[in-house]
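Student: Could you walk me through one small part of this protein up close? I'd like to see how a single residue sits in its surroundings.

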Amino acid sequence: MRIARFSIDGNVAFGAVEGDKPDELVLDIIKGIPFADFELSGTKVPLSKVRLLPPVLPNKVVAYGRNYAEHARELGNDVPDVPFAFFKPSTSVIGPGDEIQYPSFSEELHHEAELAVVIGRMCREVPRERVKDVILGYTCALDVTARDVQRREKQWARAKGFDTSCPLGPWVETDLDPSDLTIQLTVNGQQRQLGRTSEMIHPIEDLIVNITEAMTLLPGDVILTGTPAGVGPLTVGDEVAVTIEGIGTLTNKVVKRG
């Protein structure tokens, strides 16, 4: 099931996305929330009539760096022996079609396409064999990075946590095997990144075991699983699109921060 979060006539709701052709997609409005038992209402609205929002509003976004060997090497970094986590705040999250605001304190903004895992239930100390039980589904993510700030400040809070630095969407796909999916990123229609999730150094199971050893995850929390090689610059006016096999495409435009 593809679960979207959307607004229509000033109201916010979740809906199941139905259909195959982009211009014929409809939303069957969900009674309740996707983190508990729910029913489909049977009330359907065309996707073209709503505004898609971030598919979830996470309490926290846990991101893993250098989880693709070629990406680590392209930036001159060692491949980590154990998962390497950092955080992006909830205020960094935006949805499909929302604008990425180029931060005033940076002159080198980079794109990083990522598969995002959406947590479906409160959990901690999750054993590897139960990881699938705590996952709601998967969505596309863009880890926007102020690369010059990352180098200069040596820690990543501002470089990766600024407002609008975490686009998510377009929806959550709940029925998906994430082990070997194509990840592609384009800027203004030109391919910049192309990889497969099978290239991850530490698979999703290891990432969730790693973080839940330390802290509780809540429904709607998001895990970013790393980016393949090919990261590069974004400029004002660029349209950047992340496409992940079996999920869809997340598109955002870069604008000057007002």
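Tutor: Sure, let's take E112 and then step back to the rest of the chain. Keep in mind that this is a predicted model.

Start with where E112 is. You'll find E112 in the loop that joins strand 10, residues 109-111, to strand 11, residues 113-119. Is E112 buried or exposed? Its relative accessibility is 3%, and buried means under 20%, so E112 counts as buried.

Now look at what surrounds E112. Its side chain makes a polar contact with the side chain of R147, at 2.7 Å. If you skip the neighbours within four places in sequence, the residues in contact with E112 include H71, A141, L142, D143 and T145. Further along the chain, K160, Q193, T227 and V231 are also among the contacts of E112.

Strand 11, which comes right after that loop, takes us to another piece. The buried residues of helix 4 pack against strand 11, and also against strand 6 (61-64), strand 12 (135-142) and strand 17 (222-224). Which residues of helix 4 are buried? Helix 4 covers residues 204-212, and the buried ones are I204, L207, I208, V209, I211 and T212. It helps to know that an α-helix has 3.6 residues a turn, so residues three or four places apart point the same way. I204 and L207 are both on the buried list, and so are I204 and I208.

For a contrast with E112, try another loop. N188 lies between strand 15 (182-187) and strand 16 (190-196). With 47% relative accessibility, N188 counts as partly exposed. Leaving out residues up to four places away in sequence, N188 touches G237, D238 and E239. N188 and G237 are 49 residues apart along the chain, yet their C-alpha atoms are separated by 9.1 Å.

How does that fit the whole chain? Among contacts with a separation of 6 or more, 70% join residues 24 or more positions apart. Buried residues, E112 being one of them, make up 53% of the 258 residues. Overall, the chain has four helices and 20 strands. Its radius of gyration is 17 Å, close to the 18 Å that the globule rule gives for 258 residues, so the chain is as compact as a globular protein of that length. Along its principal axes, the C-alpha trace spans about 55 × 45 × 30 Å.

Terms used: Residues are numbered from 1 along each chain as its sequence is written. This is a predicted model: local features need pLDDT of at least 70, side-chain atom pairs count only at pLDDT 80 or more; totals for chains, interfaces and linings use all residues. Side-chain values use heavy atoms; hydrogens and water are left out. Helices (H or I, at least four residues) and strands (E, at least two) are DSSP runs, numbered from the N terminus. Buried means under 20% relative accessible area, exposed over 50%, partly exposed in between (1.4 Å probe, protein chains only). A polar contact is a pair of N or O atoms within 3.5 Å; within protein, one must be able to donate a hydrogen and the other to accept it, and residues adjacent in sequence count only if both atoms are side-chain atoms. Contact means heavy atoms within 4.5 Å. The radius of gyration is taken over C-alpha atoms; the globule rule is 2.2 Å times the number of residues to the power 0.38.
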